[in-house]
Amino acid sequence: MTQYLISFNDGAMDHIPDGDWDDVGKASHAVVQEAVNAGVWVYGGGLQRQRASIVATDGMVTDGPYPETKEVIGGFAVVEVATREEALAWAAKIAVGCRCAQEVRELMPDPETDEMLRRAAQRG
């Protein structure tokens, strides 16, 4: 199984009229429930519209995102599925619920972190 990040840019939902937000919320939550029921939902959520903070390797904190960055993530979901085609199908469902296009990217596997999580779960 592979994890995929499904996301949309901040501002991608700005076209939605104020009176439609309840319907968008219900449609979006219905897709989340479907993904949970299918056992593919890992995590997701919307991001508050605010400036990010950038923490450098030396610990210095600056306001961000960097000025050259034109797009920032407005919301995301992580699904764990067998194929990219399945991830694209979930992205299509999310796009309908959120009324905006979705970007799909494969997350890099990290067997060492997976092993750390397995050991922690066994201890817990």
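The legends below describe an overall view and several close-ups of a predicted model.

**Figure 1. Overall view of the protein chain, with three helices and six strands.**
From the N terminus onward, the elements follow the order β-α-β-β-β-β-α-β-α. The C-alpha trace extends over about 50 × 40 × 25 Å along its principal axes. Of the 124 residues, 23% are buried. Among contacts with a separation of 6 or more, 77% join residues 24 or more positions apart. The accessible surface amounts to about 8900 Å², and carbon and sulfur atoms contribute 54% of this area. The chain carries 11 positive and 20 negative charges, and the mean positions of the two sets lie 2 Å apart.

**Figure 2. The aromatic pair of Tyr-43 and Phe-76.**
The structure contains one aromatic pair. Its members are Tyr-43 and Phe-76, with ring centres 5.9 Å apart and planes at 40 degrees to each other. The arrangement is classed as tilted, because stacked pairs have planes under 30 degrees apart and edge-to-face pairs over 60. Tyr-43 belongs to strand S2 (residues 41–46) and Phe-76 to strand S5 (residues 73–81), so the pair links parts of the chain that are 33 residues apart. Tyr-43 is exposed, at 53% relative accessible area, whereas Phe-76 is partly exposed, at 23%.

**Figure 3. Surroundings of Phe-76 in strand S5.**
Beyond its neighbours within four places in sequence, Phe-76 contacts Leu-5, Ile-6 and Ser-7. Further contacts of Phe-76 are made with Tyr-43, Gly-44, Gly-45 and Leu-47. Val-32 is 44 residues from Phe-76 along the chain, and the two C-alpha atoms are 11 Å apart. Phe-76 has a relative accessibility of 23% and is not counted as buried, because that class requires a value under 20%.

**Figure 4. Asn-9 in strand S1 and Asp-10 in the loop that follows.**
Strand S1 covers residues 2–9 and includes Asn-9, while Asp-10 lies in the loop between S1 and H1. Both residues are partly exposed: the relative accessible area is 28% for Asn-9 and 36% for Asp-10. Leaving out residues up to four places away in sequence, Asn-9 touches Glu-71, Val-72, Ile-73 and Gly-74. Under the same exclusion, Asp-10 touches Arg-49, Val-72, Ile-73 and Gly-74. Val-72, Ile-73 and Gly-74 thus appear in both sets of contacts. Between the C-alpha atoms of Asn-9 and Gln-48 the distance is 12 Å, with 39 residues separating them in sequence. Asp-10 and Ala-120 are 110 residues apart along the chain, and their C-alpha atoms are separated by 35 Å.

**Figure 5. Ser-28 in helix H1 and its contacts.**
Helix H1 comprises residues 21–38, and Ser-28 is one of them. The relative accessible area of Ser-28 is 18%, and the residue is therefore classed as buried, the limit being under 20%. Apart from residues up to four places away in sequence, Ser-28 touches Gly-97 and Cys-98.

**Figure 6. Val-104 in strand S6 and its contacts.**
Val-104 is buried, with 12% relative accessible area. Beyond neighbours within four places in sequence, Val-104 is in contact with Tyr-4, Leu-5 and Ile-6. The remaining contacts of Val-104 are with Arg-84, Ala-87, Leu-88 and Ala-91. The C-alpha atoms of Val-104 and Ala-91 are 7.0 Å apart, and the two residues are separated by 13 residues along the chain.

**Figure 7. Lys-93 over the ring of Trp-90.**
The charged end of Lys-93 is placed over the Trp-90 ring, at 4.4 Å from the ring centre.

**Figure 8. Arg-99 in the loop between helix H2 and strand S6.**
This loop connects helix H2 (84–98) with strand S6 (103–106). Arg-99 has a phi near 60 degrees, which is a positive value in a residue other than glycine. For most residues other than glycine, phi is negative. Arg-99 is partly exposed, with a relative accessible area of 34%.

Methods
Residues numbered from 1 in each chain as written. Predicted model: local features only at pLDDT ≥ 70, side-chain atom pairs only at ≥ 80, totals over all residues. Heavy atoms only, no water. Helix = DSSP H or I, 4+ residues; strand = E, 2+ residues; numbered from the N terminus. Buried < 20%, exposed > 50% of the residue type's maximum accessible area, 1.4 Å probe, protein only. Contact = heavy atoms within 4.5 Å. Areas by Shrake-Rupley, 256 points an atom, 1.4 Å probe, with all protein chains shown as cover. Lys, Arg positive; Asp, Glu negative; His and termini not counted. Charge placed at Lys NZ, Arg CZ, Asp CG, Glu CD. Phe/Tyr/Trp six-rings, centres within 6.5 Å; stacked < 30°, edge-to-face > 60°. Lys NZ or Arg CZ within 6 Å of the ring centre and 35° of its normal.
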